[in-house]
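Hi,

Here is the structure I promised to pass on. Have a look at it first, and then read my notes below.

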There are 2 protein chains.
Amino acid sequence: MSNPNPTVPQISDAEWTVMRVFWDRGDSSTGDVIDALQSRTDWNPKTVQTLIRRLHKKGALEVAAKNGREFVYRPTVAENDCEHAASQSFLGRVFDGKLTPFLANFVENEAVSKEEIDELRRLLDRAAADHQEPEEQAS
Amino acid sequence: MSNPNPTVPQISDAEWTVMRVFWDRGDSSTGDVIDALQSRTDWNPKTVQTLIRRLHKKGALEVAAKNGREFVYRPTVAENDCEHAASQSFLGRVFDGKLTPFLANFVENEAVSKEEIDELRRLLDRAAADHQEPEEQAS
DNA sequence: TCTGAAAAATTACACTTGTAATCTTTAAGA
DNA sequence: TCTTAAAGATTACAAGTGTAATTTTTCAGA
């Protein structure tokens, strides 16, 4: 867990795509992000610029440096934390905040393969083991 | 599974609240919904009317009857299907469509209790069993 | 030092959403 | 039948979002 109860800004759909570039690459200039997204999207560079500026305004990005006339940005929020905040928000909206109904719905809709089920079970087995013997203190 | 690959309209946050009333109560008039939401929200009746009209326009509700000058509406989409569509959309946006990373993030963030873990494991055990011996045909 | 290209800032514009207020129609009772 | 309250329809309006175009600033080279 990167930070307990971090406050993360609202990040829209298109903005998520941009944030992921930063989380993948670390500090990046607008040009870097435009280049990175060139292959994955058909966005106009101006669009990417706008999204970066909005993310900066929202406080999801901060200026890490200025290279000549170019800004280098860096995320102020951890990917983990944003994912978790988005998950909580989604679960709250659709499943009354509860994880089990979410997974039950997925399973009912036959949207989970045998392999995935096994993967999830292993994940939960490990989690259960961790709950058994609590995390040790690194002191 | 109510319907394979149903097409469900985009349902916004506030609209979810309204749809849930219909899913809970079945066919309902605007007045019914307003009454039902009176306790749970502080929405103005006009707001509820607007949301119902938007849902009707989107095709999420259809007119089931007309009582005097009052319409009775009914959902055209199953709660299950809407939940699943919302889940797919969320997972696609935040976790590249993958369930395992979603759950892993949740567990990492210590947002899952021991009891919940056990519940989820039971759920997955049943799902695994179903995968073992496929569903029988009701003929 | 002046200029032009590149970066950034400002402006644009339609659609959705939250949250109603106002205008219009209609049914039911006086 | 006429009136009026209650439904419904239309309109409102700001914030957020997708998707840029236009305008302004500024560095780097001629």
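To start you off: which residue of β3(A) is the bridge partner of A:S29? The partner is A:V72. Do keep in mind as you read on that this is a predicted model.

That pair belongs to a small piece of sheet in chain A. Strand β1, residues 28-29, pairs with strand β3, residues 70-75, in the antiparallel sense over 2 bridges. On β2(A), A:A65 also has A:V72 in β3(A) as its bridge partner. Strand β2 of chain A covers residues 61-67, and 6 bridges join it to β3(A), again running antiparallel. The hairpin of β2(A) and β3(A) leaves 2 residues between the strands, and A:G68 has a positive phi near 60 degrees there.

Next, the domains. Chain A splits into domain 1 (13-75) and domain 2 (79-131), and their C-alpha centres are 30 Å apart.

Then there's the nonpolar core. The largest one holds 75 residues, and A:L99, A:F102, B:L99 and B:F102 have the most contacts inside it. Take A:F102: leaving aside neighbours within four places in sequence, it touches A:F90, A:L91 and A:F95 from chain A, plus B:S87, B:L91, B:L99 and B:F102 from chain B.

One last residue to click on is A:H84, which sits in helix α4 (residues 79-95) of chain A. A:H84 counts as buried because its relative accessible area is 12%, and the cut-off is under 20%. Again leaving aside neighbours within four places in sequence, A:H84 is in contact with B:N105, B:F106, B:N109 and B:A111.

Over to you!

Key:
Residues are numbered from 1 along each chain as its sequence is written. Chains are lettered from A and ligands numbered from 1 in the order in which they are written. This is a predicted model: local features need pLDDT of at least 70, side-chain atom pairs count only at pLDDT 80 or more; totals for chains, interfaces and linings use all residues. Side-chain values use heavy atoms; hydrogens and water are left out. Two strands pair if DSSP finds at least two bridges between them. Helices (H or I, at least four residues) and strands (E, at least two) are DSSP runs, numbered from the N terminus. Domain bounds come from an automatic or database domain assignment. A nonpolar core is a set of buried Ala, Val, Leu, Ile, Met, Phe, Trp, Tyr and Cys residues joined through side-chain atoms within 4.5 Å. Buried means under 20% relative accessible area, exposed over 50%, partly exposed in between (1.4 Å probe, protein chains only). Contact means heavy atoms within 4.5 Å.
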